[in-house]
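Open the structure in your viewer and keep the selection tool ready. We will go from stop to stop.

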Amino acid sequence: MSTLFGDELLSRPRREIAPGAVHVPGWLRLDQQAWIAERFRGWAAGPVPPRAASVRGHRMSVRTVCLGWHWQPYRYTREATDVNGARVLGFPDWLVRVGRLALAEAYGDDYPAREYTPDTALANFYDSEARMGMHQDKDEASREPVVSLSIGDSCLFRFCNTETRAKPYEDLLLASGDLFVFGGPSRLAYHGVPALYPGTAPPGCGLEAGRINITLRVTGKA
Ligand code: SIN
Ligand code: MN
């Protein structure tokens, strides 16, 4: 019974971290998480394999596979010219629906969720050593919100302000199934992942070790 109705369910309330930045713990059910983890394995099988991008000469520890548009610092292209030149997989309709449901959940009537049409997804895999430095998501010409979904091991997620990588920031736990949305005044906030917590992936989430994070974005490209 303690796993079904544990105290952790009480201690992780939904919260607006900053204006436009909303954390919804446990938004995805376990079966949805497992289904998405299975899709991730399909994306990783090709045509473009996950790769660790190099940013200013430093190879990232996270490996990324993209849908719709391929992200490389600091642009989006249809072909993964920095990997193998292949065209990335299309952006699936079900992910557009997930994006709309996410924004309806996060913003309610304050945002026209039905009009949200993300056209790229960056699906990141973190092993136990992986981290992501503080950065802004600003390679998109559009300033529509970013929707983030997490599956597998929990991580420490640091959410800063739009001015600096330094304090004031808020540290929160992103666990399997959590939704995080940042848009509006928080769209260009610095954020990063300073730590991963191995062994915390819940049974049934579709991933035994490591963490998948999927961000849905609007590139603003035609
Ligand atoms: C990202 O900043 O693009 C990913 C963040 C995360 O892994 O939660
Ligand atoms: Mn980011």
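**A pair on one helix**

Select Glu38. At 41% relative accessibility, Glu38 counts as partly exposed, because that class runs between the buried limit of 20% and the exposed limit of 50%. Keep in mind that this is a predicted model. Now add Arg41, which is partly exposed too, with a relative accessible area of 38%. The two side chains form a salt bridge, and their closest N and O atoms are 3.3 Å apart. Why can such a pair form? Side chains of opposite charge can pair when their charged atoms come close. Look at the backbone as well. Glu38 and Arg41 both sit in helix α2, 3 residues apart, or about one turn of the helix.

**More salt bridges**

How many salt bridges are there? The count comes to 11.

Select Asp178 and Arg12 next. Their side chains meet in a salt bridge, at 2.3 Å from N to O. Asp178 lies in the loop between β12 and β13 (179–182), and Arg12 in the loop between α1 (8–11) and β1 (15–18), so the pair ties together parts that are 166 residues apart in sequence. Is Asp178 buried or exposed? Asp178 is buried, with a relative accessible area of 1%. Arg12 is partly exposed, at 25%.

Move on to Glu79 and Arg87. Here the side chains meet in a salt bridge at 4.0 Å, N to O. Glu79 is partly exposed, with a relative accessible area of 34%.

Then select Asp137, Glu140, Arg187 and Arg217 together. Salt bridges that share partners join these four into one network. Keep Asp137 selected for the next stop.

**The manganese site**

Select the manganese ion (ligand 2). Which protein atoms are its donors? They are His135 (NE2), Asp137 (OD) and His191 (NE2), lying 2.1 to 2.2 Å from the ion. Trace these donors along the chain. Their spacing is H-x1-D-x53-H. Asp137 is buried, because its relative accessible area is 3% and the limit for buried is under 20%. Asp137 also belongs to the salt-bridge network you just selected.

**A positive patch**

Turn to the surface. Select Arg56, Lys138, Arg143 and Arg165. These residues gather in a patch of positive charge.

Zoom in on Lys138. Lys138 is in the loop between β9 (132–135) and β10 (146–152). Its relative accessibility is 49%, so Lys138 counts as partly exposed.

Now go to Arg56. Arg56 lies in the loop between β3 and β4 (58–59). At 62% relative accessibility, Arg56 counts as exposed, because that class begins over 50%. Check the backbone here too. Phi of Arg56 is near 50°, a positive value in a residue other than glycine.

**Two cis peptide bonds**

Show the backbone atoms. Select Gly46 and Pro47. The peptide bond from Gly46 to Pro47 is cis, with omega near 10°. Where is Pro47? Pro47 is in the loop between α2 (30–44) and β3 (54–55).

For the last stop, select Lys167 and Pro168. A cis peptide bond joins Lys167 and Pro168, and omega is about 5°. Pro168 lies in the loop between β11 (154–159) and β12 (170–174).

Note on methods: Residues numbered from 1 in each chain as written. Chains lettered and ligands numbered in written order. Predicted model: local features only at pLDDT ≥ 70, side-chain atom pairs only at ≥ 80, totals over all residues. Heavy atoms only, no water. Patch = residues over 30% accessible without salt bridge, like charges linked within 9 Å, V, L, I, M, F, W, Y side chains within 5 Å. Areas by Shrake-Rupley, 256 points an atom, 1.4 Å probe, with all protein chains shown as cover. Lys, Arg positive; Asp, Glu negative; His and termini not counted. Charge placed at Lys NZ, Arg CZ, Asp CG, Glu CD. Helix = DSSP H or I, 4+ residues; strand = E, 2+ residues; numbered from the N terminus. Buried < 20%, exposed > 50% of the residue type's maximum accessible area, 1.4 Å probe, protein only. Donors = N, O, S within 2.8 Å, 3.2 Å for Na, K, Ca; no water.
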